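The following paragraphs are meant to be read with the structure in view. They turn to a sheet, then to a helix, and finally to the surroundings of the ligand.

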Amino acid sequence: MPTDSHPRLDPDDDLTVAAAIDMNAALAELQQQRTRSPIIRPSTAADVATLIDQSYPQGGDSLEQLVTQISHATERYPRRNTHPGFFGWVAPSGLPSDPLAHAMVSLLNENVGGYWASPVGTTIEKTVIRWLADLVDFPTESQGVFLSGGSMANMCGIASACAKRFGTDYRSRGLAAFSVESKPVIICSSAAHFSIRRAAVMLGIGTDNIVAIDTDDQFRMRLDALETALGEHDNIICVVASAGTTNTGAIDPLPQIADLCHAQDVWLHVDAAYGAGGLMSPELRPRYRGIERADSVVMDMHKWFYQSLAGSLLLYRDPDWARQLFTESSDYLRMNEDDSPEQFSFFSISPELSRRFRALPFYISMRHYGLDRMGRNALHNVRCAEYLAERVRTEQDLELIAAPQLSILCFRYRPSGLDHDSVDRLNTLIRDRVQLEGDYLISPTRVNERPALRVCIINHATRVEHVDGLLESVLRIGRDLIAQDKE
Ligand SMILES: Cc1ncc(COP(=O)(O)O)c(C=O)c1O
């Protein structure tokens, strides 16, 4: 019998009592919002703050009230990556199976640090990794790990390259010990994602030590310039190639880059954070030829694999370099006493210790829809991008600036008789007006130093009528703006 000296929780404070709520009913409004226009509505931070209760949380709000509060706010000030007319940045649409899968992740609440911590989670994560490693023809000894996103995965891939470049002492003595004679550099193209620069910052390499190679007329890394750079530097950590750049979707010439790297035993890291989804399609796979020769590859699930945020796969051809960097044990955690699968831990090949069951939604959607079917959707995205490019080519007032190598293209509204500055202004106005109208969204960018209309098609719900709709909007708004100017 508990006595007064035993700690007792007041029954009113009991958190184990679950509030009853009908999940389907509660989430129905959010479900409908996914494809509702407008995609975005301009706001100030103060506008949004008025819809979010920021008073000290005393408790007592019902779950229904909370769902209503949030769905009211997202209805008023949406940002719907889920909308089939969303063509901005590189944002994931999320799959219909995701809400269930993410609820399962929360209910199970497994910490997928390794086998002993989560036998099922580890088995599932390793399974999904193997399916994806097979898409790039990586050897059976390769290993991978899901991280929070492409930025983290790029950084860890480069960290692993440092381990190989500088050997076991790198772990204890740090980069400074190897920077005395000549500065260690990362080589990538000028179109590489900025996460490479941030990796250089975080790893103590420094952005001054990134050698940015010029791109060719298709925005791909120039091989002659790469060859020169490889000859000029003797302390090269890695070459980072892109299999789908963020701005134009360009795929660097991977087979030739792999040849050059292998000739000098330089680590090749391939950033396929955006582009990798196309690997699901056998028709598209030849475009990535050479990726199978990389030392590390990054593939974001929350981009063109259609998965809800968040998860990025980092694949290591030889995981031992990462293991050399990250393996630790402590009095309270003794691990990796042998190579058996039961001793396997993800935290020995990556920096995270506590890890969400990230692979579960991927496992569920890949098994439910099938990788081949998802691949046919990726192919459809590419076909839509190619169709749009063809329409742009045939429209007199439009100019195609970056043809799709995958599912991104850039173009410009450019009626005859306008000078460069007017065309630049016009395109910025068109982009803003398209966003304001609400049915389509294209994000700002510059190509060759000038504003461009960039279209990224990675939504599984996008159909050709959305692509046509976007183009009609651009043409109509462009004509209206020119007419207004003449008035
Ligand atoms: C090519 C490329 N690499 C890396 C990243 C960074 O990925 P994340 O946003 O998941 O950190 C992006 C993001 O768009 C990208 O396009």
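**The sheet and its strands**

In this predicted model, an open sheet is built from 7 strands, arranged in the order S1-S7-S6-S5-S4-S2-S3 with mixed pairing. Strand S1 (143-147) and strand S3 (210-213) occupy the edges; each has a single partner strand, so one side of each is left without a neighbour in the sheet. On average, and with direction ignored, neighbouring strands of this sheet are turned by 20° against each other.

At the S1 edge, the partner is strand S7 (residues 312-316): S1 and S7 run antiparallel and are joined by 5 bridges. Within this pair, Gly-144 has Leu-315 of S7 as its bridge partner.

Further along the order stands strand S4, between S5 and S2. Strand S4 (residues 236-242) is mostly covered, with 7 of its 7 residues buried. Strand S2 (residues 185-189) pairs with S4 in the parallel sense, over 4 bridges; here the bridge partner of Ile-187 is Val-239 in S4. Strand S5 (residues 267-271) also runs parallel to S4, and 5 bridges join the two. One of the bridged pairs sets Ser-242 against its partner Asp-271 in S5. As a general point, the side chains of a regular strand alternate between the two faces of the sheet.

**Helix H15 and what covers it**

Does the length of a helix agree with its number of residues, and which elements cover its buried residues? Helix H15 (residues 464-486) allows the comparison: at 1.5 Å a residue, its 23 residues should span 33 Å, and its end C-alpha atoms are 33 Å apart, which agrees. The expected span is 1.5 Å times one less than the number of residues, so the count of 23 leads to the 33 Å quoted for H15.

The buried residues of H15 are His-466, Val-467, Leu-470, Leu-471, Val-474, Ile-477 and Gly-478. Among the elements that cover these buried residues are two helices, H13 (371-394) and H14 (420-437), and two strands, S9 (408-413) and S11 (450-456).

**Around the ligand**

The shell around the ligand holds 14 residues, of which Gly-149, Gly-150, Ser-151, His-193 and Ala-273 come nearest. By class, the residues of this shell divide into 9 polar, 3 nonpolar and 2 charged. Helix H6 (residues 150-166) gives the most to the shell, contributing 3 residues.

Note on methods
Residues numbered from 1 in each chain as written. Predicted model: local features only at pLDDT ≥ 70, side-chain atom pairs only at ≥ 80, totals over all residues. Near = placed C-beta within 6 Å. Nonpolar A, V, L, I, M, F, W, Y, C, P; charged D, E, K, R; others polar. Pairing = 2+ DSSP bridges. Axes fitted to C-alpha atoms, helices over the stretch in contact; angles between N-to-C directions. Buried ≥ 20, exposed ≤ 12 C-beta atoms within 10 Å, placed from the backbone. Contact = placed C-beta atoms within 7 Å.
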